[in-house]
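Reader: I'm new to reading protein structures. Could we walk through this one together, one question at a time?

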Amino acid sequence: MSKQNIYDDSDFFENFRRSREQPVNFNDCVETPILFQMLPDLTGRSVLDIGCGMGQHAKQYSDMGAGYVMGIDISEKMLAYAKEHNSADNIVYRRLAMEDIETIGRSFDLVTSSLVFDYVEDFAGLMRKIHNLMKDDAKFVFSMSHPIVTAWDGVYDRYTRTETGERLYANLRNYCVEGKRKVDWVVNGYECYHRTVSSLINALIGAGFTIEECREARISDDMRKQYPALFGGTVHRPEFIFFRCGKTQGK
Ligand SMILES: C[S@@+](CC[C@H](N)C(=O)[O-])C[C@H]1O[C@@H](n2cnc3c(N)ncnc32)[C@H](O)[C@@H]1O
């Protein structure tokens, strides 16, 4: 099973760090507000954040009253940043691939993940492993790139534009073809996996989850007008998809 560690590539890491540290970015303005609205009460709870990156969410979970937070990530550079900037007494950062989470050896009240599952080859298998790490009444809240966004192979513009560059339509290609997409994005040979919406839903159900809520990324008209270069395309397509799940009784 291949595991890409692109965030330890210096150019990719620097590009991500710079955009994540901008006050206006997709993570803080689009992804995080929606994900956090879907979280249960964290007071005293144990949380696993899969693909914790630079630790912003882990720190926020700790600040929100979580009892214990474990952040795991495959990237040494991301974890070094997390430890330096987003530490707390009740946060443990571990270098661990999401494909290997069965080795963690404890269970959690909440499992979260933000924009990480695009990188897993066996999504259904990962869902089963996450289910096994959850207590009976635990919740699983995550986001990932929307399948409309990963239906892209890098050979055409993501948008059909007017002569002046205004985005007219979002382009979609090979939506029905699932699997690895290798594109030149920030670096040559960036890899992620495309799956259809029904594959995501069926993998969750097959792993023993009940889907309690599904959301698609939205941003306010005001933000879109204020930052047209960054958010102008969001009127045509949702960048991210979000799920909150519980364990199906008896599974
Ligand atoms: C888009 S970043 C998101 C980081 C963080 N969750 C956030 O919201 O800022 C994706 C993260 O997933 C991590 N990642 C990618 N593949 C992984 C794997 N196989 N196992 C664990 N982490 C992985 C990357 O190292 C990176 O930190």
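**A walk through the model**

Author: Happy to! Strand E4 (residues 108-114) is a good place to begin, as it is mostly covered, with seven of its seven residues buried. Keep in mind that this is a predicted model.

Reader: Which residue in E4 is the bridge partner of Ile50?

Author: Start with the two strands involved. Strand E1 (residues 46-50) pairs with E4 in the parallel sense, over four bridges. Ile50 is matched in E4 by Ser113.

Reader: And in E5, which residue is the bridge partner of Thr112?

Author: Here we look at E4 together with strand E5 (residues 134-145). These strands also pair in the parallel sense, over six bridges. In E5, the partner of Thr112 is Val141.

Reader: What kind of unit do E4, helix H5 and E5 make?

Author: We just saw that E4 and E5 pair in the parallel sense. Helix H5 covers residues 123-132. Taken together, E4, H5 and E5 make a β-α-β unit, and its hand is right-handed.

Reader: Where is Leu115 found?

Author: Leu115 has a phi near 60°, a positive value in a residue other than glycine. As for its place, Leu115 sits in the loop between E4 and H5.

Reader: How many disulfides does a search of the whole structure find?

Author: Take Cys214 as an example: it is partly exposed, with a relative accessible area of 42%. Its closest cysteine sulfur is in Cys245, 9.0 Å away, and a disulfide needs the sulfurs within 2.5 Å, so this pair is too far apart for a bond. Cys52, by contrast, is buried, at 6% relative accessible area. Searching the whole structure gives a disulfide count of zero.

Reader: Now the ligand, please! Which residues come nearest to the ligand?

Author: There are 20 residues around the ligand. The ones that come nearest are Arg20, Gly51, Asp73, Met98 and Glu99.

Reader: How much of the ligand's accessible area does the protein cover?

Author: Let's look at some polar contacts before the total. An oxygen atom of the ligand lies 2.6 Å from a side-chain N or O atom of Asp73, while a ligand nitrogen is 3.3 Å from a backbone N or O atom of Ile74. A polar backbone atom of Ser114 is 3.1 Å from a nitrogen atom of the ligand. On its own the ligand has 590 Å² of accessible area, and the share covered by the protein is 97%.

Reader: How far apart are the C-alpha atoms of Arg95 and Ile74?

Author: Arg95 lies in strand E3 (residues 91-95), and it is partly exposed, with a relative accessible area of 46%. Ile74 is the residue whose backbone we met beside the ligand. Along the chain Arg95 and Ile74 are 21 residues apart, but their C-alpha atoms are separated by 5.5 Å.

Reader: Is Val183 buried or exposed?

Author: Val183 belongs to strand E8 (residues 179-185). The cut-off for buried is under 20% relative accessible area. Val183 has 7%, so it counts as buried.

Reader: And Val155, is that buried or exposed?

Author: Val155 is found in the loop between helix H6 (147-150) and strand E6 (159-161). Its C-alpha is 8.3 Å from that of Val183, although their positions lie 28 residues apart in sequence numbering. With a relative accessible area of 62%, where over 50% is the cut-off, Val155 is exposed.

Reader: Which residue in E9 is the bridge partner of Lys182?

Author: Strand E9 (residues 187-194) is largely enclosed by the rest of the structure, because six of its eight residues are buried. E8 and E9 run antiparallel and are joined by six bridges. In E9, Lys182 has as its partner Glu191.

Reader: Which residue is in the turn between E8 and E9?

Author: E8 and E9 form a hairpin, with one residue between them. That residue has a positive phi of about 70°, and its name is Val186.

Reader: One last stop: where is the place of Asn174?

Author: Asn174 has a phi near 55°, which is positive in a residue other than glycine. At 40% relative accessibility, Asn174 counts as partly exposed. Its place is in the loop between strand E7 (167-170) and E8.

Conventions: Residues are numbered from 1 along each chain as its sequence is written. This is a predicted model: local features need pLDDT of at least 70, side-chain atom pairs count only at pLDDT 80 or more; totals for chains, interfaces and linings use all residues. Side-chain values use heavy atoms; hydrogens and water are left out. Buried means under 20% relative accessible area, exposed over 50%, partly exposed in between (1.4 Å probe, protein chains only). Two strands pair if DSSP finds at least two bridges between them. A crossover is right-handed if, with the strands pointing away from the viewer, the path from the first strand over the helix to the second runs clockwise. A residue is near a molecule or strand if one of its heavy atoms lies within 4 Å of it. A polar contact is a pair of N or O atoms within 3.5 Å; within protein, one must be able to donate a hydrogen and the other to accept it, and residues adjacent in sequence count only if both atoms are side-chain atoms. Accessible areas come from the Shrake-Rupley method with a 1.4 Å probe; for residues, only the protein chains shown count as cover.
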